[in-house]
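Please work through the exercises below with the coordinates at hand. Each task is followed by a solution in steps.

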Amino acid sequence: MGRARLPLSEQKGDLTKERRARLEAEQDLVRTPKKYILRAPTWLSKRARKEYRRLIVSMAEMDMLGDLDANNLAAYCNAWDKYLLAEQEIAEKGLFIETPKNPKSPVQANPAIYVQIKHAKEMREFGRQCGLSIDSRLKFAAAKLPEIEAGIEEEFGDI
């Protein structure tokens, strides 16, 4: 299995104009439409759908998500909702719970802690894939900056 391909913005080394143009064309070909991603999936809870809509509005200006990203974004929102549910249980019952059936260990860690850790990990992974982390947004900005600079140079000339 070969190495994962890097976006043009992350490639190191000198690229010829021809190679750069080809890589830009390839990246343009994999952009997906935005027909379905704008609507939150019905299987999400009410709170997760609200978060989904909030993220879509926040990320619309960045123009980095398409229909193929909808499931990753929905999975992030689902994990976020489950994380909050676990947080609520921990707030209600505490970090430790009594276990009367086990006399050797009458107190144990609240199982919601492990659920919360699991969903925090999922949130990090799906968030990274969708561009929700600062690192992934900076990488996206690095990819967009040459386009912006080219537009400025085209409009005002070489300053």
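The exercises that follow concern a predicted model, and they go from the whole chain to single residues.

**Exercise 1. The overall inventory**

Task: State how many helices and strands the protein has, and give their order from the N terminus.

Solution.
Step 1. The secondary structure consists of 5 helices and 2 strands.
Step 2. Read from the N terminus, the elements follow the order α-α-α-β-β-α-α.
Step 3. Of the 159 residues in the protein, 26% are buried.
Step 4. The accessible surface amounts to about 12,100 Å², and carbon and sulfur atoms account for 56% of that area.
Step 5. When contacts between residues at least 6 apart in sequence are considered, 57% of them join residues at least 24 apart.

**Exercise 2. The two sides of α2**

Task: Determine which residues of α2 are buried and how they are arranged around the helix axis.

Solution.
Step 1. The helix α2 has 15 residues and spans 21 Å from first to last C-alpha, close to the expected 21 Å at 1.5 Å a residue.
Step 2. The buried residues in α2 are Ala 48, Glu 51, Tyr 52, Leu 55, Ile 56 and Met 59.
Step 3. Viewed down the axis of α2, these buried residues fall within an arc of 140°, so they line one face of the helix.
Step 4. A general property of the fold applies here: an α-helix has 3.6 residues a turn, so residues three or four places apart point the same way.
Step 5. Lys 46, Lys 50, Val 57 and Ala 60 are exposed on the other side of α2.
Step 6. The packing partners of the buried residues of α2 are α3 and α4.

**Exercise 3. Helix α4 and its ends**

Task: Describe the length of α4, the distribution of its buried residues, and what is found at each end.

Solution.
Step 1. Helix α4 covers residues 111–130, 20 residues in total, and reaches 29 Å between its first and last C-alpha, close to the 28 Å expected at 1.5 Å a residue.
Step 2. Buried in α4 are Ala 112, Ile 113, Gln 116, His 119, Ala 120, Met 123, Gly 127 and Cys 130.
Step 3. Their arc around the axis is only 125°, which puts them on the same side of α4.
Step 4. Tyr 114, Ile 117, Lys 121 and Arg 124 are exposed on the other side of α4.
Step 5. The N-terminal end of α4 is capped by Asn 110, with a side-chain oxygen 3.0 Å from the backbone nitrogen of Ala 112.
Step 6. After α4 comes Gly 131, which has a positive phi near 85°.

**Exercise 4. A buried polar residue**

Task: Identify the residue whose side chain makes a polar contact with that of Gln 116.

Solution.
Step 1. Gln 116 lies in helix α4.
Step 2. Its relative accessibility is 12%, and because the limit for buried is under 20%, Gln 116 counts as buried.
Step 3. Leaving aside neighbours within four places in sequence, Gln 116 is in contact with Tyr 83, Ala 86, Glu 87 and Ile 90.
Step 4. The side chains of Gln 116 and Glu 87 are joined by a polar contact of 2.5 Å.

**Exercise 5. The cysteines**

Task: Decide how many disulfides the model holds, using a limit of 2.5 Å between cysteine sulfur atoms.

Solution.
Step 1. The count of disulfides is 0.
Step 2. Cys 77 takes part in no disulfide, as the nearest cysteine sulfur, that of Cys 130, is 8.2 Å away.
Step 3. Cys 130 is likewise in no disulfide, its nearest cysteine sulfur being that of Cys 77 at 8.2 Å.
Step 4. Cys 77 is buried at a relative accessible area of 0%, and Cys 130 is buried at 1%.

**Exercise 6. A loop residue and a strand residue**

Task: Locate Asp 69 and Val 107, and list what each of them touches beyond four places in sequence.

Solution.
Step 1. Asp 69 is placed in the loop between α2 (46–60) and α3 (70–93).
Step 2. A polar atom of the Asp 69 side chain lies 2.8 Å from the backbone nitrogen of Gly 66.
Step 3. Beyond four places in sequence, Asp 69 touches Ile 37, Met 64 and Cys 130.
Step 4. Val 107 belongs to strand β2 (residues 107–109) and is partly exposed, at a relative accessible area of 45%.
Step 5. With the same exclusion of residues up to four places away, Val 107 touches Phe 96, Ile 97, Glu 98 and Thr 99.
Step 6. The C-alpha atoms of Val 107 and Phe 96 are 6.3 Å apart, although the two residues are 11 residues apart in sequence.

Technical notes:
Residues are numbered from 1 along each chain as its sequence is written. This is a predicted model: local features need pLDDT of at least 70, side-chain atom pairs count only at pLDDT 80 or more; totals for chains, interfaces and linings use all residues. Side-chain values use heavy atoms; hydrogens and water are left out. The expected span of a helix is 1.5 Å times one less than its number of residues. Buried means under 20% relative accessible area, exposed over 50%, partly exposed in between (1.4 Å probe, protein chains only). The arc is that of the directions from the helix axis to the C-beta atoms. A polar contact is a pair of N or O atoms within 3.5 Å; within protein, one must be able to donate a hydrogen and the other to accept it, and residues adjacent in sequence count only if both atoms are side-chain atoms. Contact means heavy atoms within 4.5 Å. Accessible areas come from the Shrake-Rupley method with a 1.4 Å probe; for residues, only the protein chains shown count as cover.
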